[in-house]
Amino acid sequence: MATSDSEFNPDLLLAHKLPETQYTYNERDVAIYALGIGACGQDAVDSDELKFVYHRDGQDFIQVLPTFASLFTLGSMTRLNFPGFKYDPSLLLHGQQYIEIRRPLPSKASLINKVSLAGLQDKGKAAILEIETKSYEQGSGELLCTNRTTVFLRGAGGFSNSSQPFSYKNYPSNQGLAVKIPQRQPLTVCEERTQPSQALLYRLSGDYNPLHSDPEFAKLAGFPRPILHGLCTLGFAIKAIIKCVCKGDPTAVKTISGRFLTIVFPGETLITEMWLENLRVIYQTKVKERNKIVLSGYVDIRGLSSSL
């Protein structure tokens, strides 16, 4: 926990170079991820979703969901070590995720991730930390995608050396902001039930935080039972947008922004409402059983089907 008598100097953090990470995946990893976010969970032969888990000529041409890119940050987020900046990892909350897809993700690849600090804000009792991960294909050096992960670190604030709270960010101010939900009926709505084992399946994609699998750990964290990964909920929502607005074409997705508002329990039903404004889909996702909004954001798409 950072304190006011800490020797932490934010300027040193800004100058600190984070290490590169590597991420290698294959068709099996892509299929397991797709199953983890509910692909073919309601219908095993769903023509819009089967292509994410199966290809009749083998797995070489399996299609990749754009939110698969969020997995590329796993190595970056587990190695956060800044000079003089201390925080308790158990008090970390995932606040937002921003993903920019430069070109369709291949079904297998070896990546080099270049990691940097994108933002830092002192909120007094907490700090907001933003980490940018640019993923390049090994060999060609081509940039495939960019992730920006925003985390809320409870107990890590209070480090500003003046009366003005420290605030830094290095990206355009219009990226990843909270969206305003339109006050009209949505263009379309998708309802999908998660499985009671959803978090146990999703964790096989690499996020092994026991908060999502261990009942005793979840109780210590203040929850009655394990909760679903926020990025799993995001995957469900974006998959719904691809199916309902993009006519099943994952390559139509250009950028994704999601803001995590509250928790989801495995087995609950997700209702994603979508509004179209030019080439931006504004969405919000609710838990049906508790009537709680759990996620909101937008997706920028490359084009529209003539049937919309």
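Which residue in E4 stands opposite lysine 114? Lysine 134 does. Select that pair to begin. Keep in mind throughout that this is a predicted model.

**Stop 1: strand E3**

Select residues 109-122, which make up strand E3. Of its 14 residues, 10 are buried, so E3 is largely enclosed by the rest of the structure. Now show its partners one by one.

- Add strand E4, residues 126-137. E3 and E4 run antiparallel and are joined by 11 bridges. The two strands form a hairpin, with three residues between them. Click on glycine 124 in the turn: its phi is positive, about 85°.
- Add strand E1, residues 21-25. E1 pairs with E3 in the antiparallel sense over five bridges. Pick threonine 21 and look across to its bridge partner in E3, asparagine 113.
- Add strand E6, residues 167-169. Three bridges join E6 to E3, and these strands also run antiparallel. Here leucine 120 stands opposite tyrosine 168.

With the strands displayed, turn on side chains. In a regular strand, side chains alternate between the two faces of the sheet.

**Stop 2: tyrosine 98**

Move to strand E2 and select tyrosine 98. Tyrosine 98 is buried, with a relative accessible area of 7%. Then select threonine 73. It is 25 residues from tyrosine 98 in sequence, and the two C-alpha atoms are 11 Å apart.

**Stop 3: the largest pocket**

Stay with E2, residues 92-101, which supplies at least two residues to the lining of the largest pocket. Helix H3 (74-77), strand E5 (143-154) and helix H6 (230-244) each do so too. Centre the view on Leu92, Leu93, His94, Asn209 and His212, the lining residues nearest the pocket centre. The pocket holds about 1200 Å³ of space, and 41 residues line it. Colour the lining by type: 24 residues are nonpolar, 14 polar and three charged.

**Stop 4: the cysteines**

How many disulfides does the structure hold? Zero. A disulfide is a covalent bond between the sulfur atoms of two cysteines.

Select cysteine 40 and cysteine 190. The sulfur of cysteine 40 has its closest cysteine sulfur in cysteine 190, 13 Å away, too far for a bond. Cysteine 40 is buried, at 13% relative accessible area.

Next, select cysteine 145 and cysteine 246. The closest cysteine sulfur to that of cysteine 145 is in cysteine 246, at 17 Å, again too far for a bond. Cysteine 145 is buried, with a relative accessible area of 0%.

**Stop 5: the annotated domain**

Finish with residues 182-294. An unreviewed UniProt entry annotates this span as "domain: MaoC-like". The span is 23% helix and 30% strand, and its end C-alpha atoms lie 17 Å apart.

Terms used: Residues numbered from 1 in each chain as written. Predicted model: local features only at pLDDT ≥ 70, side-chain atom pairs only at ≥ 80, totals over all residues. Heavy atoms only, no water. 1 Å grid on protein atoms, 1.4 Å probe; cavity = no way out; pocket = protein on both sides within 12 Å on 5 of 7 lines; lining within 4 Å. Points joined across faces, edges and corners; volume = space filled by probe spheres on them. Helix = DSSP H or I, 4+ residues; strand = E, 2+ residues; numbered from the N terminus. Nonpolar A, V, L, I, M, F, W, Y, C, P; charged D, E, K, R; others polar. Disulfide = S-S within 2.5 Å. Buried < 20%, exposed > 50% of the residue type's maximum accessible area, 1.4 Å probe, protein only. UniProt positions renumbered as here; feature names shortened; annotations may be inferred. Pairing = 2+ DSSP bridges.
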